[in-house]
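Welcome, and thanks for taking a look. Please have the sequence and the model at hand as you read.

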Amino acid sequence: MPVAVPKEYRTKTAPKAEGQNGELNMRTENTELKKNGFGSKEGIAEILVTASTSPFENQGISDTVSQKLSGIPKLQLRRILLKMLFGFAYLGPFGHYMYMLLDKIFKGKRDSKTVAKKVVLEQLTTSPCNNLLFMIYYGVVVEGRPWMHVKTRIKQEYPKVQMTAWTFWPVVGWINHQYVPLQFRVIFSSLVAFCWGIFLNLRARAMTLPKTALPKSN
């Protein structure tokens, strides 16, 4: 007759070493997410709202600072609200799902080689896209400029903006993917993006043309 072995005397099975690091990291990360409510619809909604609100506030504060730095005597509230809308409607949700997708593609691994791949992929895809969309949004929606003028100025200024981004954001991306838990990555990026937002606002402001200099449209 088999004898029941007490739990405290049972031998624990050691995890497989070879090829299992990524899976163990993924399971650990999934456990952390479930603890924070990520496994439920309510948890997903809460994290998504948090991810959206952080860029929402960040865009508003960074634009306020950039207006002061550029010498605007009175704050342009419409411009601030439109910038906050961009952060809430696009930057927050996009960043949230982008980090989730990257972790799915690379199975939650955090080794140096995988993190390097994540950073390179992010910098070659989302970084150029986000900067370009921001400059288009700023010129067309925030400033109300004709598309042809916005297009001309973007051709002149966009390469400089993107080259500056590639000297700054890869370091931030490495820290974010290597050390920051998945549910806090958008928030961390938003905190760093505060300084970047000021730079981008000043650059976008500098690229706009005086409305009095614009030719009349037919």
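What follows is a short tour of a helix pair, a nonpolar core and one valine.

This is a predicted model, where local features need pLDDT of at least 70, side-chain atom pairs count only at pLDDT 80 or more, and totals for chains, interfaces and linings use all residues. Residues are numbered from 1 along each chain as its sequence is written, and side-chain values use heavy atoms, leaving out hydrogens and water.

Let's begin with the helix pair. Helices α3 and α4 pack with their axes 11 Å apart, at an angle of about 135°, and are therefore oblique to each other (angles outside under 35, over 145 and 65 to 115 degrees). Their crossing is right-handed. On the α3 side, Met98, Tyr99, Leu102 and Asp103 make the contact, and they meet Lys118, Leu121 and Glu122 of α4 (heavy atoms within 4.5 Å). By type, these contact residues are 4 nonpolar, no polar and 3 charged.

Next comes the core. The largest nonpolar core (buried nonpolar residues joined through side-chain atoms within 4.5 Å; buried is under 20% relative accessible area) has 19 residues, and Phe134, Met135, Trp169 and Trp196 have the most contacts inside it. Helix α6 gives the most to this core, with 7 residues. The helices that each supply at least two residues of the core include these:

| Helix | Residues |
|---|---|
| α5 | 126-142 |
| α6 | 147-179 |
| α7 | 185-207 |

Finally, valine 120 sits in helix α4. Valine 120 is partly exposed, at 48% relative accessible area (between 20% and 50%, with a 1.4 Å probe, protein chains only). Its C-alpha atom is 9.1 Å from that of glycine 173, which is 53 residues away along the chain.

Technical notes: Axes are lines fitted to C-alpha atoms, for helices over the stretch in contact, and angles run from 0 to 180 degrees between N-to-C directions. Helices (H or I, at least four residues) and strands (E, at least two) are DSSP runs, numbered from the N terminus. A crossing is left-handed if the near helix is turned anticlockwise from the far one by less than a right angle, and right-handed if clockwise. Ala, Val, Leu, Ile, Met, Phe, Trp, Tyr, Cys and Pro count as nonpolar, Asp, Glu, Lys and Arg as charged, and the others, Gly among them, as polar.
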